[in-house]
Amino acid sequence: MERMVHYGGFHTMVTDSKDYDFQEIERRWQSFWERNRTFAAGKDPSRPKFYVLDMFPYPSGSGLHIGHPEGYTATDIIARHRRARGFDVLHPIGWDAFGLPAEQHAVKTGTHPAANTQNNIANFRRQIKALGFSYDWDREIDTTDPRYFRWTQWIFLQLFRRGLAYVDERPVWWCPELRTVLANEEVIDGKSDVGGFPVERRNLRQWVLRITAYADRLLSGLEGLDWPDSTKRMQAAWIGRSEGAEITFGLEKPGPGGLRVFTTRPDTLFGCTYMVLAPEHGLVEALTTPEMRVAVGDYRRRAASKSDLERTDLAKDKTGVFTGSFAVNPVNGARLPIWVADYVLMGYGTGAIMAVPAHDERDFEFAARYSLPVVPVIEPADHSSNGQAPKLPYTGDGNLVHSDGYTGLDWREGGRRITTDLAAKGSARHSVNFKLRDWLFSRQRYWGEPIPIVWVSEGDYRRAAPRLAGALPEEPVSFEQDGVVRFALPLCESALPLELPPVQSYLPSGTGESALANVPGWVDIWFDFTTGMAVPATEPPPAGDTWIRARRETNTMPQWAGSCWYYLRFTDPRNSRQFASPEALARWGGPDLYVGGAEHAVLHLLYARFWHKVLFDIGAVPTDEPFRRLFHQGIILGEDGEKMAKSGGNAVSPDAIIESHGTDSLRLFLMFLGPLEAMKPWNPRGIEGPHRFLQKVWRDCIGDDGGANPKIAGGAQDSAELQKLLHETIRKVGDDIEALRFNTAISQMMIFENALHKEARVSRATALAFIQLLAPFAPHICEELWSRLGAPGLASEAPWPRFDPARISAAEVRLVFQVNGKHRGDRLVPAGLTQEQAVALATADPRVAAFAGNRTIVKVVYVPGRILNLVVS
RNA sequence: GCCCGGGUGGCGGAACGGUAGACGCUUCGGACUUAAAAUCCGAUUUCCGCAAGGAAGUGCCGGUUCGAAUCCGGCCCCGGGCACCA
């Protein structure tokens, strides 16, 4: 029942079914490709390289839904097309496997999250393999594998060494009822996701990465990237660069010195009528007069208990309280009351502002509420104001008024002059601020990469420092707790990976630390700072002066960490001495194409760019941007047009469709649904179209005996029309794949198949060329047809058909006749027709004559081969 | 509020400023069949017409052009992002 096919020394069975038995065909070819490592990258270094990457998935317990294979199919088509065009293609897959759901499952069941994670990975792997993607499975990686996260920890140590990692008290969500810290995604509307208990902000010691040090480069680097404009704009807005001045105001009250503010509008300085400090500002205490102490204290307490949500979304009305103190405007000596208000944020600029209510919406609103003066100092330069004062607040362009020597200047020039003049007196400087904040990098979780740091006393730190010179930051990282200052010491590289110890319970400790804090033998240790070796502190200290008392860091890394650099690991996934060899990095670089959801437009893509730039700075990678070309696939909605959700009952699993129609049909349908980037509803009946298309292709290629259809003959001469159509199809399919326009490529192939179907005889070469075009989309059936038509080797390895422009140039073209721009007929005409000949043919046409016959032609527009438009009076 | 993206048949969607609705789904009719399924052939924007054909038509209003779904201006609606960042 099976025939043997010879191929490169291997043998494979091909099914002998006369019908299109997609289940058998898909199973067989998947196993053939796997056994022969058909898609292993790096087999031929003489070929140009192409690296195409999917955003790797989090292996959730619910398995793959139909949205996953959308992007994966797109990259697979690209990968297969590039191989056919002679590229050495790297197309890998792996698992972003640390994550909250696995930990929550572990908390509930008491089983190790790794066990659950491995089950989920096995299920994802099975589902993905059933889709026939041409991944290089030898390069599969898993971020929870110690052989992988060893290098995640290593990169963290590079950041630490360069002073890009530090600790700080930062607020986290704390749920008193659950006695645990919650992640942002576990907090919904101020309540815990589990149980619905109220949560509050609590300050805890956190690791923070100094991404702001790269703000300028992260912004400027966007320029050269081939990314969706919307994504670049979102990143730019997130980084939020703004230029202005930092101005120091004098204070009436002696002692605290000056009050520094940041403004983008130094030109409005004469319009400043009051000052505002954020409630957390360091000078509030010193500037509050005794009479105002109670009111200010109350206000600060209330502000502190508000969540971010309450301070922004819910607080439409601005509130504040006067401190009792005054500042002095450096430009005119005006006396300015200093207020405290939570519409000023401590985290931006200096945490204090000069308020110019005439030219700022927020200050205007506040001034109106508290009856503070409003002084306009900018007037529109053009005639639009017409002598009338503009409506306040006026935030547009204009010229300065009521500004002493600066009056009459354009606002830009005025701002520049004021800044320079004040700078000369030492009370201002040009300044740039970013919205981007440093990256809160620690999580009070068990299921994450342990941070490879121990905490030691100052004395021990000083003793260890000389021996660890290159591994320490210039400024030691330290924090104070209960009056004791502790210093951060890194594990040495040879001690990596630092693995997760077994624990009794995966619940956080109850004090806000992770479950790791409950493992005394792991946390409290004697530590050899030269080797990273450790023994529990309950045991006697080993001999030698390199052994010191230490407490391990109990925070773990966030899920973003592993995905910040995985694209680099794919180039050299089994390397145990480096995260990737320089040779592998030189060969593959970063992905030439990166495809994934737009939901990662900011965070993942920004964090990865940050790490990449740091690695570039230490000479570890050859480029300073990781992803040159980026594409977002759109979301596939449920049948009902709603977002697919497990709970909504509208989620579609690929398994059932593969069972009923085959993965080739599914792949085609996913790509046929609409533009890759568009949001599209799933239509369960629509799969029939692509499925019928494949059935037709099968029947036109395979005859009743299961061999080649007799209509396909080696020596057959194709009709000129079929040849023309074939070459149009070769060109369109190739162009469309390059541009990721798969839906129109499939349409074109359907058009070709419809033509093929009508032909009585077709040359074998044409049939094979068509199969080759279809192969990236529907690889299993094409591999089978390729083999049954007796073509050599594999469809997956055959070169892409050559486009011959000569074949599509026709002697006759269809010329459309228009009268006054309206379609009034058409006919086949010789290709090189002159305008005079065209007009003669057109006026002879009865329909054209009916509209133009007895009227004067005032103009002729002739586009050869397309239209002839007669403009008549 | 601000910044993007998008509105085309019953549905998903095609259309370098040049025949609007390719391709597919759905539906209807026909062929094959004892019958059904599958398959094959044909029709499927609306209105008028027996037909040939004509008219209207790409969210709404206006403009540019020989010619606009496409370009420009003003609105309406839907989706996404940001949101006191001084």
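Student: Which residues in α20 meet α21?
Tutor: Asp664, Ser665, Leu668, Phe669 and Phe672 do, and in α21 they meet Pro690, His691, Phe693 and Leu694 (contact: heavy atoms within 4.5 Å; helices: DSSP runs of H or I, at least four residues, numbered from the N terminus). By class, this contact has six nonpolar, two polar and one charged residues (nonpolar: Ala, Val, Leu, Ile, Met, Phe, Trp, Tyr, Cys and Pro; charged: Asp, Glu, Lys and Arg; polar: the others).

Student: What sort of model is this?
Tutor: This is a predicted model, where local features need pLDDT of at least 70, side-chain atom pairs need 80 or more, and totals for chains, interfaces and linings use all residues. Residues are numbered from 1 along each chain, chains are lettered from A and ligands numbered from 1 as written, and side-chain values use heavy atoms without hydrogens or water.

Student: At what angle do α20 and α21 cross?
Tutor: Roughly 125°, with the axes of α20 (residues 663-672) and α21 (residues 688-701) coming within 8 Å (axes: lines fitted to C-alpha atoms over the stretch in contact, angles from 0 to 180 degrees between N-to-C directions). The two helices are therefore oblique to each other (not under 35, over 145 or 65 to 115 degrees).

Student: New topic: how many cavities of 30 Å³ or more?
Tutor: Two, from a search of the whole structure (a cavity: 1 Å grid points where a 1.4 Å probe fits but cannot get out; lining: an atom within 4 Å of a point; volume: space filled by the probe spheres).

Student: What lines the largest cavity?
Tutor: Arg80, Ala84, Gln772, Ala775, Pro776, Pro779, Ala795 and Ser796, around about 70 Å³ of space.

Student: And the second largest cavity, what lines that?
Tutor: Phe50, Ile78, Arg82, Leu593, Arg629 and Glu738. That lining has three nonpolar, no polar and three charged residues.

Notes: 1 Å grid on protein atoms, 1.4 Å probe; cavity = no way out; pocket = protein on both sides within 12 Å on 5 of 7 lines; lining within 4 Å.
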